[in-house]
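Here is a friendly walk through one protein model, going from single residues to the whole chain and back again. Have the viewer open and follow along as the residues come up.

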Amino acid sequence: MELVDNGMLGLPRAALAALRAALYRDAGPAAATYLQEAGYAGGETLFAAFRGWLKSRSEAEPESLPLERFEALATAFFRDAGWGSLSVGSLRSAVAVLDSPDWGEADAASGMEQPSCHFTTGMFADFFGRIADAPLAVLEVECRSAGAHRCRFLIGNAEVMEHVYDTLGRGADYESALGEVE
């Protein structure tokens, strides 16, 4: 993947982990918002790179790909871009699910108390919102940085994701929250 021509740069995982740690140290909980904003700001460029990546493989425009083909190609693109492997699915009928056992933003040694791939949640919100042609919200509900065996991201409309977030805040699990919105 050509980074420069796509308006991107290579960033070592250790540098992203150090940036996240410094933000948490100096900004506390506000670090999550800063990282989400930065990820969202990069979504447009990342999507343009995805479009170019597809074109270099003689694939259709992302919006016209059948769902299964889009999922396979998006998974390959994120892996090729160094983010890690992804599997795409759905949970109940309410949200799309992205799972990764090796996501690049996660740092298993960081010992975070909660999911913390905030840059990714912003990036995914913009990237997948472009495919949906509608605003989407992303919530990470499992994270290797917090001791889980994978990172799991839920993608859905803002109302559903707000309900899941609020339900998690009350101590329930995300699958129960999703069962309430079906």
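Does Ser58 count as buried or exposed? Ser58 counts as exposed, because its relative accessibility is 70%, and the cut-off for that class is over 50%. Please keep in mind that this is a predicted model.

**Two loop residues with positive phi**

Ser58 sits in the loop between H2 and H3. Its phi is near 60 degrees, a positive value in a residue other than glycine. As background, most residues other than glycine have a negative phi. Arg92 is another residue with a positive phi, near 55 degrees. You will find Arg92 in the loop between strand E1 (87-91) and strand E2 (95-100). Arg92 counts as partly exposed, because its relative accessibility is 42%.

**The overall fold**

Now zoom out. The protein chain has six helices and four strands. Read from the N terminus on, the order of these elements is α-α-α-β-β-α-β-β-α-α.

How does the radius of gyration of the protein chain agree with that of a compact globule? For 182 residues, a compact globule would have a radius of gyration near 16 Å, and the protein chain has 16 Å, so the two agree. Along the principal axes, the C-alpha atoms fill a box of roughly 50 × 40 × 25 Å.

Of the 182 residues, 40% count as buried. The exposed surface of the protein chain comes to about 9400 Å², with 52% of it supplied by carbon and sulfur atoms. For contacts between residues at least 6 apart in sequence, 56% join residues at least 24 apart. On the electrostatic side, the chain carries 14 positive and 27 negative charges, and the mean positions of the two sets are 5 Å apart.

**The nonpolar cores**

In soluble globular proteins, nonpolar side chains tend to be buried together. In this model, the largest nonpolar core has 33 residues, and the members that touch the most others are Phe50, Phe78, Trp103, Phe124 and Phe127. Helix H2 (30-56), helix H3 (67-80), helix H4 (118-132) and strand E4 (151-156) are the elements that give two or more residues to this core. Of these, H2 gives the most, with seven residues.

Which residues does Phe124 touch, not counting those up to four places away in sequence? They are Phe78, Leu86, Leu98, Trp103, Gly129, Val138 and Phe153. There is also a second, separate core of twelve residues, including Val95, Leu139, Leu154 and Tyr174.

**Four residues to look up**

His118 lies in helix H4. This histidine is buried, because its relative accessible area is 13%, and buried means under 20%. Leaving aside neighbours within four places in sequence, His118 is in contact with Tyr24, Ala32, Leu35, Gln36 and Glu105.

Asn157 is placed in the loop between E4 and helix H5 (158-169). Asn157 is partly exposed, with a relative accessible area of 39%. Beyond its neighbours within four places in sequence, Asn157 is in contact with Leu136 and Ala137.

Val181 belongs to helix H6 (residues 174-181). With a relative accessible area of 31%, Val181 is partly exposed. Setting aside neighbours within four places in sequence, the contacts of Val181 are Ala94, Val160 and His163.

Pro135 lies in the loop between H4 and strand E3 (137-142). Its relative accessible area is 75%, so Pro135 is exposed.

For three of these residues, the table sets a separation in sequence beside a distance in space.

| Residue pair | Separation in sequence | C-alpha to C-alpha distance |
|---|---|---|
| Pro135 and Tyr40 | 95 residues | 12 Å |
| Asn157 and Ala32 | 125 residues | 20 Å |
| Val181 and Ala60 | 121 residues | 34 Å |

Ala32 links two parts of this tour. This alanine is in contact with His118, and Ala32 and Asn157 are 20 Å apart in space, C-alpha to C-alpha. Phe78 and Trp103 also turn up twice: both are listed with the core members that touch the most others, and Phe124 touches both of them.

Conventions:
Residues are numbered from 1 along each chain as its sequence is written. This is a predicted model: local features need pLDDT of at least 70, side-chain atom pairs count only at pLDDT 80 or more; totals for chains, interfaces and linings use all residues. Side-chain values use heavy atoms; hydrogens and water are left out. A nonpolar core is a set of buried Ala, Val, Leu, Ile, Met, Phe, Trp, Tyr and Cys residues joined through side-chain atoms within 4.5 Å. Buried means under 20% relative accessible area, exposed over 50%, partly exposed in between (1.4 Å probe, protein chains only). Contact means heavy atoms within 4.5 Å. The radius of gyration is taken over C-alpha atoms; the globule rule is 2.2 Å times the number of residues to the power 0.38. Accessible areas come from the Shrake-Rupley method with a 1.4 Å probe; for residues, only the protein chains shown count as cover. Lys and Arg count as positive and Asp and Glu as negative; His and the chain ends are not counted. The place of a charge is taken as NZ of Lys, CZ of Arg, CG of Asp or CD of Glu.
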